[in-house]
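Here are some short exercises to work through at your own pace. Keep the picture open while you read, and try each task before you look at its solution.

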Amino acid sequence: EALAAISQTVAALLSLIALIMSLWVFYRQQRLNRWQLRLHREDHIIQWSQACIQLMAEVEEHLNLGANLPSNDYIQLRSRLSARIDEGRLYFPNLQDPTYGELKHEAYKGHRQEILDHLVDAYDFLRRLQEGRLGTSQSEVRDDFNKLRRAFVSAAQSAIDPRTFNRIRA
């Protein structure tokens with residue numbers, strides 16, 4: 001009887017240890033899955049940001065050639081920028097505000113996030129430039145657009161937080 005009681009106690013302890021180990025492994029796996037999902041999202045945001053930066057660099061190079069671009073160039077650059085803005089909405093949805101934009105489509109209700117504001121500013125800048133509503137010199141136009149690009153890069157860096165990311169990877 002004593003031997004049976006001891007063996008039952010040992011079996012119960014082993015079962016408890018196995019349960020605790022299973023829960024610990026499950027918890028660790030869930031953390032790993034969340035981390036991998038975050039990494040995957042960050043990779044997509046980095047790719048999207050790189051495409052936006054490339055497009056803005058292309059606009060700057062066009063501006064270096066002269067502010068009087070052919071109309072088709074403006075249309076092409078603005079349409080590509082518009083597409084990047086809408087792509088960005090997939091990663092940075094509008095901040096909810098029940099009173100602002102309530103009649104708009106779902107993705108456009110609320111307030112746009114700062115990172116997208118910089119791209120919209122660049123889009124509007126190109127529209128004003130094409131319409132001749134920027135009465136500044138070519139170098140000022142170039143410098144003004146460069147400020148928009150730098151603001152976007154800074155916002156993208158804040159969204160990705162590469163310093164923390166690199167510290168964790170190291």
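**Exercise 1: a buried ring and its partner**

Phe152 is buried, with a relative accessible area of 0%; buried means under 20% relative accessible area, exposed over 50%, and partly exposed in between, with a 1.4 Å probe and protein chains only. Before going on, note that this is a predicted model, where local features need pLDDT of at least 70, side-chain atom pairs count only at pLDDT 80 or more, and totals for chains, interfaces and linings use all residues. Residues are numbered from 1 along each chain as its sequence is written, and side-chain values use heavy atoms, with hydrogens and water left out.

Task: find which residues Phe152 is in contact with, leaving aside neighbours within four places in sequence.

Solution, step by step:
- Apply the rule: contact means heavy atoms within 4.5 Å.
- Read off the partners of Phe152: Trp48, Ser49, Cys52, Ile53, Met56, Ile115, His118 and Leu119.
- Check one of these partners: Trp48 is buried too, because its relative accessible area is 3%.

**Exercise 2: aromatic pairs**

Task: work out how the rings of Trp48 and Phe152 are arranged.

Solution, step by step:
- Start with the rule: rings of Phe, Tyr and Trp (its six-membered ring) pair if their centres lie within 6.5 Å, and planes under 30 degrees apart count as stacked, over 60 as edge-to-face and the rest as tilted.
- This rule gives 4 aromatic pairs.
- For Trp48 and Phe152, the centres are 5.8 Å apart and the planes meet at 75 degrees, so the pair is edge-to-face.
- Locate the two rings: Trp48 belongs to helix 1 and Phe152 to helix 4, 104 residues apart, so this pair links distant parts of the chain. Helices (H or I, at least four residues) and strands (E, at least two) are DSSP runs, numbered from the N terminus.
- Now try Phe125 and Phe145: at 5.5 Å centre to centre and 55 degrees between the planes, they form a tilted pair.
- That pair also links distant parts of the chain, with Phe125 in helix 3 and Phe145 in helix 4, 20 residues apart.
- Finish with a cluster: Trp48, Tyr91, Phe92 and Phe152 form one.

**Exercise 3: the nonpolar core**

Task: say which helices supply the largest nonpolar core, and which gives the most.

Solution, step by step:
- Define the core: a set of buried Ala, Val, Leu, Ile, Met, Phe, Trp, Tyr and Cys residues joined through side-chain atoms within 4.5 Å.
- Of its 29 residues, Trp48, Ile115, Leu119, Phe145 and Phe152 touch the most other members.
- At least two residues each come from helix 1 (2-65), helix 2 (71-91), helix 3 (114-130) and helix 4 (138-160).
- Helix 3 gives the most, with 9 residues.

**Exercise 4: a charged residue and a helix length**

Task: decide whether Glu60 is buried or exposed, and find its polar partner.

Solution, step by step:
- Glu60, in helix 1, counts as buried because its relative accessibility is 10%.
- Its side chain makes a polar contact with the side chain of Asn146 at 2.9 Å (a pair of N or O atoms within 3.5 Å; within protein, one must be able to donate a hydrogen and the other to accept it, and residues adjacent in sequence count only if both atoms are side-chain atoms).

Task: test the length of helix 4.

Solution, step by step:
- The expected span is 1.5 Å times one less than the number of residues.
- For the 23 residues of helix 4 this gives 33 Å, and the end C-alpha atoms are 33 Å apart, which agrees.
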